[in-house]
Amino acid sequence: MNTTKPNYIRPLDFKHGRVDMSHGSGGRAMAQLISELFAAAFDNAYLAQGNDGAILPATNGRLVMATDAHVVSPLFFPGGDIGCLSVHGTINDVAVMGATPLYLSASFILEEGFPLADLKRIVESMARAARDAGVIVVTGDTKVVQQGKGDGVFISTTGVGVLPGGVDLSGDRARPGDCIVLSGTIGDHGMAILSQREGLEFSAPIVSDTAALHGLIAAMLGSGAALRVLRDPTRGGLATTLNEIAKQSGVGMMLDEAAIKVNPPIEAACEFLGLDPLYVANEGKLVAICAPDDRERLLAVMRAHPLAREAGVIGEVIADAHGFVQMTTKLGGRRVVDWLAGEQLPRIC
Amino acid sequence: MKYVDEFRDGSLARNIAANIAREAEPQRTYRLMEFCGGHTHAISRYGIADLLPRNVQMIHGPGCPVCVLPIGRIDQAIRLAREHGVILCTYADTLRVPASDHLSLMRAKASGADVRMVYSTQDALKLAREHRSREVVFFAIGFETTTPPTAVAVQQAASEGSKNFSILCNHVLTPAAMHAILSAENTVKLDGFVGPAHVSTVIGSRPYEPFANDYGKPVVIAGFEPLDVMQAILMLLRQVNEGRAEVENEFTRAVTRDGNLKAQKLVAKVFELRDSFEWRGLGSVPHSALKLREAYAAFDAERKFGVGYTAVPDNKACECAAILRGYKSPQDCKIFGTVCTPENPVGSCMVSSEGACAAHYSYGRFRETA
């Protein structure tokens, strides 16, 4: 006698199961993965409808959209994993435009053989990060590639946010005399990845700073300070971000090395590996270019926020036809802080 | 003491700078060569030139391992990876040095060669243990600092009976290069040397004594931190002013007169002198490099795979050769910063951050626009 319950489908084995090609085939296996993992974790009405796209309500204000692919290796690192990183990275790109992030899409490229347990851990981390940030993952996609053609999982996310009236932030708005504000220490994310990847153990913990910055940014906008540019110094680090802004705005910059904070374990690890923290990635820091008269007002609200307690002015925008970012060294000399040449660390985000 | 920022202190730097300014006699010019790329990098990165009087000039020397590798040596490594299908391992900067046919090891990798960056010789040896069916070649480059770890790896491979590990030996010798600079025709005018830091921890300060005694050039061995370099400059100025030519040691926290005898013994056991070796910039220099001894011939990739060395001329517009001899500065090169940049280096000096051109491009090029 058949004792199986009617309509019973054996659930996915999240303990020992692995991704196989059928999970990306568009058939029943894929539908099951979506419903038991993605829809369950992200849990919202848009996904529950099961349509090809999400119909979003009309909003008041201009829309901001940003996209980011995440290929970090290793997938799990001290302070985070590819899941929360793929939420924070895209939210931050929307937020530094001054917008309130509302929606995310998520696209997964899975490698055949990837453990479902790891995938579940990643997706739940994503869901938690999105929930904490007040954004909804409204649509998604899953593809599976053959073993050896991927590296476990790649996640691409796109974010949509709404921009309040009167906010006008852009990389081309820095002007000579503006001050350059940094929200905290640099190099934490990149070194967390590297120490994990290379199996390097340092006696002091090195933890990624991955975090969603839109709450901090909302407070900064609320301060009334005249903000020109906001940007999160991710790949290429602080040096690369400042060079991008200098180029877009057609200005130069003069930094003060002594004002740029680096956590002692990060500094020691960089020293040990021959890396310059100015070029090491961050995932929870931002650079603000602000009118000089408003610096104290801006710093006050930043330092009152848990993600920017160590905010400080690190330099000034200057007129320079060559667009050089320069720095007064702690020693008292001067140097260029150039674009990153080649790659400092592969696959950090 | 953590040895991270103690030797980068701004107020101490200002003190030394004031002493240098007092010591420098205004009517004379001091031309000092920092032999090592580590010093070149420190001078550029910390902006030491801004703290020196105008008449104290630093001339960059050839002590940058990837800079002095001639094109033919990189070609050899590429041939091993492409034609012999080996896993070719090397230190990072070497990957970007331009070779023949618009290639570099990095480009060879992109076109399918199995080239891997390693942090140490131990990583390469580990790869050989993990891939028994593949040949693993370590592209061994560098001065006396990187030679002992290579010797250790070769000895380990020998004692393990490894059949698939070998090295492409390009280890070179600092004193030989200094002799070549000082004995060249049209020799560059120098008043003294800031002597090597890490190299000297291995070979000690004794090998520099002929430069003081025979050539009359003061040598001050200095660490790679900015305060070390500044203190050494001050010590050199004092020697010049007092008419002395001695080997002095600023880097006493790490360097002795005899150096690391254990490392020297190990190196002597595994390696012997090559009759001659071609350097970029210095040309063929007798007894200036090492090769594996006969007893370790099985680990010599040149013999194992029969890849001979073919000399290849440098790009005609590239001034690396003159820059490595201290004859020209990066700014004297027509293609500096235009055709030749860190992203697309034409010459080797634009590759490593220790190279004179890369250091000037990355840290100091605002000076030409001032």
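1. In this predicted model, Ile221(B) has Asn249(B), a residue of strand S9(B), standing opposite. The strands involved are S8 (residues 219-221) of chain B and S9(B), which pair in the parallel sense over three bridges.

2. That pair belongs to an open sheet of five strands in chain B, with the order S2-S1-S7-S8-S9. The pairing in this sheet is parallel. Strand S8(B) therefore sits between S7 and S9 in the order, while S2 and S9 of chain B stand at the edges.

3. Strand S2 (56-63) and strand S9 (247-249) of chain B each have a single partner strand, so one side of each lacks a neighbour in the sheet. Between neighbouring strands of the chain B sheet the turn is 25° on average, with direction ignored.

4. A helix also packs on the chain B sheet: H2, residues 37-45. Helix H2(B) touches strand S1 (30-36), S2 and strand S7 (192-195) of chain B. The direction of H2(B) makes about 120° with that of S1(B).

5. Chain A has an open sheet too, made of four strands in the order S1-S6-S4-S5. Here the pairing is mixed. Which strands are at the edges of this sheet? They are strand S1 (62-70) and strand S5 (136-145) of chain A, and each pairs on one side only. From one strand to the next, the twist averages 15°.

6. Within the chain A sheet, S1(A) and strand S6 (residues 153-163) run antiparallel and are joined by nine bridges. As an example of residues facing each other, Asp68(A) stands opposite Thr157(A) in S6(A).

7. Helix H4 (residues 116-133) of chain A lies across three strands of chain A, namely S4 (100-111), S5 and S6. The helix runs at about 175° to S4(A).

8. Taken as a whole, chain A has nine helices and 13 strands. Of its 349 residues, 48% count as buried. Among contacts in chain A between residues at least 6 apart in sequence, 86% join residues at least 24 apart.

9. What radius of gyration would a compact globule of 349 residues have? The value would be near 20 Å, and chain A has 22 Å, which agrees. Along the principal axes, the C-alpha atoms of chain A fill a box of roughly 85 × 50 × 35 Å.

Conventions: Residues numbered from 1 in each chain as written. Chains lettered and ligands numbered in written order. Predicted model: local features only at pLDDT ≥ 70, side-chain atom pairs only at ≥ 80, totals over all residues. Helix = DSSP H or I, 4+ residues; strand = E, 2+ residues; numbered from the N terminus. Rg over C-alpha atoms; globule rule 2.2 N^0.38 Å. Buried ≥ 20, exposed ≤ 12 C-beta atoms within 10 Å, placed from the backbone. Contact = placed C-beta atoms within 7 Å. Pairing = 2+ DSSP bridges. Axes fitted to C-alpha atoms, helices over the stretch in contact; angles between N-to-C directions.
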